[in-house]
Structures are given as C-alpha cells and as structure tokens.
Amino acid sequence: MDYVDSELKPVAESVKNKFIDLKNNLQVLSGQGEVQLLYRGEELRNIKNRLLRQKTSPKENEIYERAFYFGDKARHFSVDVFTPGRNYLMNIRDESDQTFMFIHDRICNILNEPKLSTRVEKCTDDRFRQYFLSPGSEVDFLKKVKSCYTDRTKINVRDYYLYFLHVAGTPGIRKETMLVSTSKDKSTAIQFSESTKKERVIFHYFIPAPFQDYAIGPWEIEHHEKVIHGTGLPSYYPKGLYPEQNEIAVKGALFPHFLLGIELVGKNKFIINTNFINADNINDIQSIAQHGFNIDQKDFEKNIFDTGYIRYGQIDGKREFSSYDVLK
C-alpha cells in the first residue's frame, strides 16, 4: 500500500513510519479492548455530493481535504428534509414520545413485511414479535421507556431500537437515520463498495472505549441490551436482521478526529488524514489513540455552509451529542 497525501503524492518516509507506528499502536489497543477499528465503503461521488454545495468539478484533493475537516455524516444530516407537521427524530438528542411511537411503528412495519419474514423469524424470537404486534403494545412500550432512570438511559433504549431499524434499511429507517454504517471487517466494507462500478473508497476509522458512547453494535456493546432488559422490553438477536454484515452503526457521524485515512479501492493508495502531519498530532500518538486528532475547526460553523449538509452534529467533552440546522 502506498501512503500518500491529499494530492496523491507519496508522503515523506518519516511521516509514513510515524503513521505505521500509530496504526500498530491502535491494533494493539484494539486487541486490549481499548479501541475499535472500523471500515466504511462508499462511492466517491456520494462523498462529493455531501461535502460540496456547488455541483462543480473540484480538484480531487479538495474532496479529501474536506473529508478530513468535516468527516462523513449520517443521512439525517444530508437528506432528511422535514415534512410539515413532522414531530419525531427532530434532532440527535430527540427522546420524545413521538419519536418512540415512530420507532414502534417502524418495528411493526418490519415484522409485517413479507419480504423480510424469513429474516425476521431467524433474527428475532417469539417474545419480540408477539410484543410489538400485540394490540395496544405502543402504550406499554412508551410506559416502559419512561421508566428509564436517566435521560442517557432513555437515549440508549432509543439507539438500541434505531439500530434494528437502521440495519433493516428502507422497511425500517433510511433517510431519517442518525447512524452511519461501518463494519469491523474490512472485507465487508469492500464488498459493500463493490456493488457499484463508480470510483470507490474505504474510510479507515476508529473509536475509543467506552464504545457505547460513539456507536451501537449489540453483539459487542452489551450496555444497551442490559438497559433494555432493565426496562422489561424485548430484545432482538445480536447483529439485527443482517448478522453477516457485522455492522457497527456509528452515532451521528464519522468525525474527522477519528478518521485515519481514505483508501482508494483498486489503486493501492492510502490517503493519510492531513491532520496527522500537524506536529501536535504526529508527535503524540498516545493522545490520538485516546482523543483522536487535534483539528482546528474554529471556522466550522461558517464553512459548513459550503457543503451539501442541511445540519451537523457535535459531541462535547462528556460525550453528549447535539445537532444544529444549517440555515441556508
């Protein structure tokens, strides 16, 4: 693999060696359960549409540099235009009754979808199916949700069921999703990107522990399922309806701070995140592993207007998410 900068030029040998040291360190931490390495396959044109407001033909390096500044966000932030009267999933912290009623309705939609019947039978048990399809279950569902002892616990319940909807795709949730699909297996990301003949890339990403603050993957992150059991609500089988995809759904966005780089599929090139070359990062691998790259984003709120995003998300030092509309 050739390590290159955003202009696809080979990086200095010293930079390459430092970056390999970072990757090796993250691999070790991954084995210790301190870091989770993730991969996402995507078409280059989709990234371009999200990162550029004007449908022009920019220099290729501009797309990569923007990705390392803005990251890659969930559909909720790019295509989820609210229809008049909508009152659910209004923002990334939405835990309203309407949002949980929407979740209940979409779960029922999945369970009643004939094309998914085989998967539903295989990936859920009788209790799960009977609970949601029972008359009046939406009332009990909302009652149990409200029994959560903290607002964060309530969000955990929401995210747990949103993962089920997200993995199911269109019958569950698509344009409204606040999750970004990734996999622990690079081969899965490659297979996903092979569905198109367009230019393809693989995002190399990582998240630090505790993982449940950043992502949802029920077969690994048991925290959410424990909360579900605590409320008396039914759980589904680990990995959702498509266990073979080994999906981990990242909340909100692939933040540029945790984006190691972009692999160009079929070109044997890996574009190192341009923020790594900053001396504050390249000389402090330990800090990167714990907190991600240090990035100067003081003009983020102004620069976001030049992208195709209609809203964006942030996370604070307490790992609390919030989102804002881009008023254009």
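**Strand β2, a helix pair and two cysteines**

Reader: Which residues point which way from β2?

Author: In this predicted model, V35, L37, Y39, G41 and E43 point one way from β2, while Q36, L38, R40 and E42 point the other way, and all of them are buried.

Reader: And how enclosed is strand β2 by the rest of the structure?

Author: Strand β2, residues 35–43, is largely enclosed by the rest of the structure, because nine of its nine residues are buried.

Reader: Which strand do the bridges join β2 to, and do they run parallel or antiparallel?

Author: Nine bridges join β2 to strand β5, which covers residues 200–208, and the two strands run antiparallel. To take one position from β2, L37 has F206 as its bridge partner in β5.

Reader: Switching to helices, at what angle do α4 and α8 pack?

Author: Helix α4 (residues 97–111) and helix α8 (residues 151–168) pack at an angle of about 30°, and their axes are 10 Å apart. As for handedness, α4 passes α8 in a left-handed crossing.

Reader: Which residues make that contact?

Author: From α4 the contact is made by T99, F100, I103, R106, I107 and I110, and from α8 by K154, V157, R158, Y161, L162, F164, L165 and A168.

Reader: How do the residues of that contact divide into nonpolar, polar and charged?

Author: The contact of α4 with α8 has ten nonpolar residues, one polar residue and three charged ones.

Reader: How many disulfides does a search of the whole structure find?

Author: The search, which covers the whole structure, finds zero disulfides.

Reader: Why is there no bond for C108?

Author: The closest cysteine sulfur to that of C108 is in C123, and because the two are 18 Å apart, they are too far for a bond; a disulfide would need the sulfur atoms within 2.5 Å.

Reader: Are those two cysteines buried or exposed?

Author: C108 counts as buried, because its relative accessibility is 13%, and C123 also counts as buried, with a relative accessibility of 4%. The cut-off behind both statements is that buried means under 20% relative accessible area.

Reader: One last spot, K59: where does it lie?

Author: K59 lies in the loop between α2 (44–51) and α3 (60–70), and it counts as exposed because its relative accessibility is 65%.

Reader: And what separates the C-alpha atoms of K59 and E7?

Author: The C-alpha atoms of K59 and E7 are separated by 9.0 Å, although the two residues are 52 residues apart along the chain.

Notes:
Residues numbered from 1 in each chain as written. Predicted model: local features only at pLDDT ≥ 70, side-chain atom pairs only at ≥ 80, totals over all residues. Heavy atoms only, no water. Buried < 20%, exposed > 50% of the residue type's maximum accessible area, 1.4 Å probe, protein only. Axes fitted to C-alpha atoms, helices over the stretch in contact; angles between N-to-C directions. Helix = DSSP H or I, 4+ residues; strand = E, 2+ residues; numbered from the N terminus. Left-handed = near helix turned anticlockwise from the far one by under 90°. Contact = heavy atoms within 4.5 Å. Nonpolar A, V, L, I, M, F, W, Y, C, P; charged D, E, K, R; others polar. Pairing = 2+ DSSP bridges.
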